[in-house]
Amino acid sequence: MLIMVALLCLLVHSAPVHAATYTVGDADGWIYDVVNWPNGKTFKAGDVLVFNYLPEVHNVVEVDINGYNRCKAPAGSKVHNSGNDKITLVKGTNSFICTFEGHCLQGMKITVTAK
């Protein structure tokens, strides 16, 4: 019984683990040549990416790795266009592109691997 009480006390006093929030492109936001922004960062499932941009001229589209490499969104891809999108990472590869003409080819794309 004492062991159960001790474990319960530890559980009650343990701090919850919170997901990290990252602003893509840092202060510059979701812009051209952001492709290398993830370099040196470690991501976990549940972390949140915030994409800040002008929705009149950009968007964020969740794509698979083929869509990322080809700069083409497959049919049914989730499109974000609020200008302040918050996307929670899932475990594995998470890839995003801008589908406005030529933007992805100019480096407006990122892929991150969440553990």
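What share of the contacts in the chain with a separation of 6 or more do residues 24 or more positions apart account for? They account for 69%, where contact means heavy atoms within 4.5 Å.

**Before you start**

This is a predicted model, in which local features need pLDDT of at least 70 and side-chain atom pairs count only at pLDDT 80 or more, while totals for chains, interfaces and linings use all residues. Residues are numbered from 1 along each chain as its sequence is written, and side-chain values use heavy atoms, with hydrogens and water left out.

**The whole chain**

Show the chain as a cartoon. It has 2 helices and 7 strands, and along the sequence they follow the pattern α-β-β-β-α-β-β-β-β. Helices (H or I, at least four residues) and strands (E, at least two) are DSSP runs, numbered from the N terminus. Now switch to a surface. The chain exposes about 7300 Å², and carbon and sulfur atoms supply 59% of that area; accessible areas come from the Shrake-Rupley method with a 1.4 Å probe, and for residues only the protein chains shown count as cover. Of the 115 residues, 37% are buried. Buried means under 20% relative accessible area, exposed over 50%, and partly exposed in between (1.4 Å probe, protein chains only).

**Stop 1: the four-stranded sheet**

Select β3, β4, β6 and β7. These 4 strands form an open sheet in the order β4-β3-β6-β7, with antiparallel pairing. The edge strands are β4 (79-80) and β7, each of which pairs on one side only. Two strands pair if DSSP finds at least two bridges between them.

Zoom in on β3 (residues 60-63). Strand β3 is joined to β4 by 2 bridges, and the two run antiparallel. Here Val-60 stands opposite His-80 in β4. Strand β3 is also joined to β6 by 3 bridges, again antiparallel. For this pair, look at Val-61, which stands opposite Ile-97 in β6.

**Stop 2: Lys-109**

Stay with the sheet and select Lys-109, found in strand β7 (residues 109-114). Which side chain of opposite charge is nearest to Lys-109, and how far away is it? It is Asp-33, 10 Å away; Lys-109 is buried yet has no salt bridge. Lys and Arg count as positive and Asp and Glu as negative, with His and the chain ends not counted. A salt bridge is a side-chain nitrogen of Lys or Arg within 4 Å of a carboxyl oxygen of Asp or Glu.

Draw a distance from the side chain of Lys-109 to the backbone oxygen of Tyr-68: it comes to 3.2 Å. Leaving aside neighbours within four places in sequence, the contacts of Lys-109 include Trp-30, Val-34, Tyr-68, Cys-71 and Phe-96.

**Stop 3: two residues with positive phi**

Select Asp-33, in the loop between β1 and β2. Is Asp-33 buried or exposed? Asp-33 counts as exposed because its relative accessibility is 64%. Its phi is near 60°, a positive value in a residue other than glycine. Most residues other than glycine have a negative phi.

Next select Cys-71, in the loop between α2 (65-70) and β4. Cys-71 is not a glycine either, and has a positive phi of about 55°.

**Stop 4: Gly-29**

Gly-29 is in the loop between β1 (21-23) and β2. Gly-29 counts as buried because its relative accessible area is 3%. Its C-alpha atom is 6.5 Å from that of Phe-51, which is 22 residues apart from it along the chain. Not counting neighbours within four places in sequence, Gly-29 is in contact with Val-24, Val-34 and Asn-52.

**Stop 5: β2 and β5**

Select β2 (residues 48-52) and β5, which pair in the antiparallel sense over 5 bridges. Val-50 has Lys-86 as its bridge partner in β5. Turn β5 (residues 84-88) around: its covered face holds Asp-85 and Ile-87, and its uncovered face holds Asn-84, Lys-86 and Thr-88.

**Stop 6: His-103**

Finish at His-103, in the loop between β6 (92-97) and β7. With a relative accessible area of 9%, His-103 is buried. Leaving out residues up to four places away in sequence, His-103 touches Tyr-32, Val-57, His-58, Cys-98 and Met-108.

Key
A polar contact is a pair of N or O atoms within 3.5 Å; within protein, one must be able to donate a hydrogen and the other to accept it, and residues adjacent in sequence count only if both atoms are side-chain atoms.
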